[in-house]
There are 2 protein chains.
Amino acid sequence: MNIQQTASAAKAASIHMAAAGSDLKNRALADIAEALKDNSPAIAAANQKDLDQARADNVTAPLLKRLKFDEPKIAGVCEGIESLIAIDDPVGRTLNATELDDGLELYQVSCPIGVVGVIFESRPDALVQISSLCLKSGNAVLLKGGSEAAQTNRVLAELISKAGENAGLRRGWLGLMETRADVAQMLVLDEYIDLIVPRGSNEFVRHIMSNTNIPVLGHADGICHVYVDSEADMDMAVRITVDSKCQYTAVCNAAETLLVHSAIAEDFLPRVKKVLEEKSVQLRGCEETCRIIDVKPATDADWRTEYLDFILSVKVVDSLDAAVKHINKYGSGHTDAIVTQNKENAAKFMDLVDSADVFFNCSTRFSDGFRFGLGAEVGISTNKIHARGPVGLDGLLIYKWRLIGSGQIVGDYSGPTGKKFTHRKLDGEYGL
Amino acid sequence: MNIQQTASAAKAASIHMAAAGSDLKNRALADIAEALKDNSPAIAAANQKDLDQARADNVTAPLLKRLKFDEPKIAGVCEGIESLIAIDDPVGRTLNATELDDGLELYQVSCPIGVVGVIFESRPDALVQISSLCLKSGNAVLLKGGSEAAQTNRVLAELISKAGENAGLRRGWLGLMETRADVAQMLVLDEYIDLIVPRGSNEFVRHIMSNTNIPVLGHADGICHVYVDSEADMDMAVRITVDSKCQYTAVCNAAETLLVHSAIAEDFLPRVKKVLEEKSVQLRGCEETCRIIDVKPATDADWRTEYLDFILSVKVVDSLDAAVKHINKYGSGHTDAIVTQNKENAAKFMDLVDSADVFFNCSTRFSDGFRFGLGAEVGISTNKIHARGPVGLDGLLIYKWRLIGSGQIVGDYSGPTGKKFTHRKLDGEYGL
């Protein structure tokens, strides 16, 4: 099948996925877990081929680590599937119910979005997580994993889609894309695809966002800030800065810019510099920073740069307002943290910083679906609509309005002598 | 100010709108209502100029009726503002609260989207409704009304923005756009504008959707269906068909296609034809329809056409599944109704039809924010994400994740000996 056929099959399947009951979906999930366990030698063998190729291609050690998908990792994703089975079906929940008039009842009921296209890095566990999240939320899914994991992904997609079909899901509910050309084709298939979730480099995500009419959920930059307020606990501020920058530099929720209130800059900057430099972090400072500590000067471009590396830009600000202004101007609306002992300052920062995640006295690195308790994460969104920050199951859902009448027509409610709506809140759940 | 400056000012104001308390917003709304009442002679005078010009330009009677904004209509919108004041602030609601660990609490809290650009028809009451909905939901707003209402809109926008500013909102919270060139400029200002809601003709909305990277909430086509099932009550089916088609033809929730189950087509089609033709509706039928009643044949294009006129395409289908398939193929995901006495059929139809609004035994014309009890309506959305169907206040909101810590860093939760998250559901509301 070409991508258009794959997408069209997914669209057709999605209609039935939306109507699939909890039992069917949970049975499919259980069968998928079983298929993965039963076939773990075959999965591991395919993964070994990917690993061999990756080593031959001299890929980096962290990538190799993410690419590896052995028996313990397979057991891990199966546990994830078990916890998905255990949670209540997010589809079919009555969000609101209103009596419009006697015998005319309106129900706003959660439902899947339809067909979701997800592009993700070379991590086979992501393929399993994303497809099981889509299944639980009743969505059909098109998957494109990193090319380094091609062999593993092919085996996994085949096992998962077949196990789902054998359990009773429509053929085509899961489609695999394998090449960049496939992804390029997908971008014009707005007739079939309802949402794209791209994970990957800034340029890649930006390219997707600029080249499709399909809604995109995700983030390009992750330019996260730590603001150390005049009333910060210095030790805490050092620890939070170091963790936000260094705990894992290659990720979107790592801090890229440190903002320091001028009232404590003279004390704080030398202390934080010492610890950061022990961690091999290179600092780039504003003029005032360079006056206080001996670091390389920052340019305007630094405030807009996601280093994803052991580099941190540092700016001294004269007020909380100036910190907020800097973040709202240069930030990416991802995650920004304030360190302070003053709750009013924290409240103000959290109200005025226009980001998906606003944190008080903790590391920016907490911004993550697992840490937030959302279960697996589809992605992190810096969109301003639909879903913001770490996106779990909820981001894969929308709603339908279901109106149950007994012959009502609008003509009867029109004009000065028309019937009046009751608009009475109902407690019940939708059901026929 | 040019549009870029207007949009930039709105963005700056939006940060403070998001943090505005309920008292400030309600005071601003009350002051706006008062300003409108106090200045109703000036508003009516400006409106008279628009009406005179429109008459000179020979605009249609329905447009003149919508354009008219006299004292009773001004009183009407002021009543609308009073009911907005009465409802709870939708901003700052805690949607979810989770303890991640001792002293580390996560709150998902509703907040405004930011800057919303709304383009609407020549109805001055829409300007008042939209700006007050945006204010209540803490959004800054850029407005572009129909050019026929230019004089009225200018007076209204000036009064509303000034009354808001005098009450304490930031200057620039409401911006008025006046020309098509303004709108074209707005489409590239994704740096400042977070959402566009275009209301208007199919071509116009489609043009907006295809020419901006800003998320668009709305609908192009409204190709709504009535499906008369084999087990329909015939009288009810006639009434619902007639109301769905004729109650107001020029609107998106009017029916454009009638689907009739073959088992009752011989009985039903002559009956519905008689009543529709009394209402001057022209029918266009499929082959089977033309065999049963004497109507013009439909072409494939008819199934994709939003007539917005006294024309109805008619198709005989052999099953509920065929009806669903037709709707999901040719419909626009707006509003589709089934008429049947069989609840199982209704349930199946409502599960499988992939539209924002799925109705059972009532007219498609009920699909409307006022009739749904949402208060005023920003628009009707056929998007699959964020908001679907009639969009009221809720569609103007999103959320922020607010994490309150006491010095936690991710390093402490990493590795085999790391601390474990508690992920305990909290009952409390966010507050510092």
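# Exercises on a predicted two-chain model

Chain A can be laid on chain B with an RMSD of 0.0 Å, by a turn of 180 degrees and a shift of 0.0 Å along the axis. The model is predicted, and the exercises below begin with this relation.

## Exercise 1. Symmetry and the interface

Task: State how the two copies are related, and describe the side of chain A that touches chain B.

Solution.

Step 1. In general, two copies of a chain are related by a rotation about an axis and a shift along it. Here the turn is 180 degrees and the shift 0.0 Å. The two copies are therefore related as by a two-fold rotation axis.

Step 2. Within chain A, the C-alpha nearest the axis belongs to A:His386, at 1.9 Å from it.

Step 3. The contact between the chains takes 63 residues of chain A and 63 residues of chain B. Elements of chain A that each supply at least two residues include α1 (3-19), β1 (94-101), β2 (104-112) and α9 (202-210). β16(A) gives the most, with eleven residues.

Step 4. By class, this side of chain A divides into 33 nonpolar, 17 polar and 13 charged residues.

Step 5. Of the interface residues of chain A, 100% are also interface residues in chain B, so the copies meet through the same surface.

## Exercise 2. A sheet with strands from both chains

Task: Trace the open sheet of eleven strands, and identify its edge strands and the helix α15 of chain B that packs on it.

Solution.

Step 1. The order is β17(A)-β1(A)-β2(A)-β16(A)-β13(B)-β12(B)-β7(B)-β8(B)-β11(B)-β9(B)-β10(B), with mixed pairing.

Step 2. The edge strands, each pairing on one side only, are β17 (424-425) of chain A and β10 (296-297) of chain B.

Step 3. Towards the chain B edge, two bridges join β9 (residues 282-285) of chain B to β10(B), and these strands run parallel. There, B:Arg284 stands opposite B:Lys296.

Step 4. Helix α15 (residues 343-352) of chain B packs on the sheet, where it touches β16 (397-408) of chain A as well as β7 (224-228), β12 (335-339) and β13 (357-362) of chain B. The direction of this helix makes about 160 degrees with that of β13(B).

Step 5. Where the chains join, five bridges link β16(A) to β13(B), which run parallel. A:Arg402 has B:Val358 as its bridge partner in β13(B).

## Exercise 3. The fold and domains of chain A

Task: Summarise chain A by its secondary structure, its extent and its domains.

Solution.

Step 1. Chain A holds 15 helices and 17 strands. Its C-alpha trace spans about 75 × 70 × 35 Å along the principal axes.

Step 2. Of the 432 residues in chain A, 55% are buried. Among contacts in chain A with a separation of 6 or more, 71% come from residues 24 or more positions apart.

Step 3. The domain assignment gives domain 1 (3-217 + 378-396) and domain 2 (224-366). Their centres, taken over C-alpha atoms, are separated by 35 Å.

Step 4. Seven residues from domain 1 and eight residues from domain 2 make the contact. The domain 1 side has two nonpolar, four polar and one charged residues.

## Exercise 4. Strand β6 of chain A

Task: Which residues of strand β6 (residues 195-198) of chain A point one way, and which the other way?

Solution.

Step 1. In a regular strand, side chains alternate between the two faces of the sheet.

Step 2. A:Leu195 and A:Val197 point one way, A:Ile196 and A:Pro198 the other way, and all are buried.

Step 3. Four bridges join β3 (residues 115-119) of chain A to β6(A), and the two run parallel. A:Ile119 stands opposite A:Pro198.

## Exercise 5. Two residue environments

Task: Is A:Leu51 buried or exposed, and where is B:Arg171 found?

Solution.

Step 1. A:Leu51 lies in helix α3 (residues 40-56) of chain A. The cut-off for a buried residue is 20 or more other C-beta atoms within 10 Å. A:Leu51 counts as buried because it has 21 C-beta neighbours inside 10 Å.

Step 2. Leaving aside residues up to four places away in sequence, A:Leu51 touches A:Leu64, A:Leu67 and A:Lys68. The C-alpha atoms of A:Leu51 and A:Glu148 are separated by 8.0 Å, although 97 residues apart along the chain.

Step 3. B:Arg171 is found in the loop between α7 (150-167) and β5 (174-177) of chain B. With 13 other C-beta atoms within 10 Å, B:Arg171 is partly exposed.

Step 4. Under the same sequence exclusion of up to four places, B:Arg171 touches B:Ala9, B:Ala13 and B:Glu165. Its C-alpha atom is separated by 9.1 Å from that of B:Ala12, 159 residues apart along the chain.

Methods:
Residues numbered from 1 in each chain as written. Chains lettered and ligands numbered in written order. Predicted model: local features only at pLDDT ≥ 70, side-chain atom pairs only at ≥ 80, totals over all residues. Buried ≥ 20, exposed ≤ 12 C-beta atoms within 10 Å, placed from the backbone. Pairing = 2+ DSSP bridges. Domains from an automatic or database assignment. Contact = placed C-beta atoms within 7 Å. Nonpolar A, V, L, I, M, F, W, Y, C, P; charged D, E, K, R; others polar. Axes fitted to C-alpha atoms, helices over the stretch in contact; angles between N-to-C directions. Least-squares fit on C-alpha atoms with pLDDT ≥ 70 in both.
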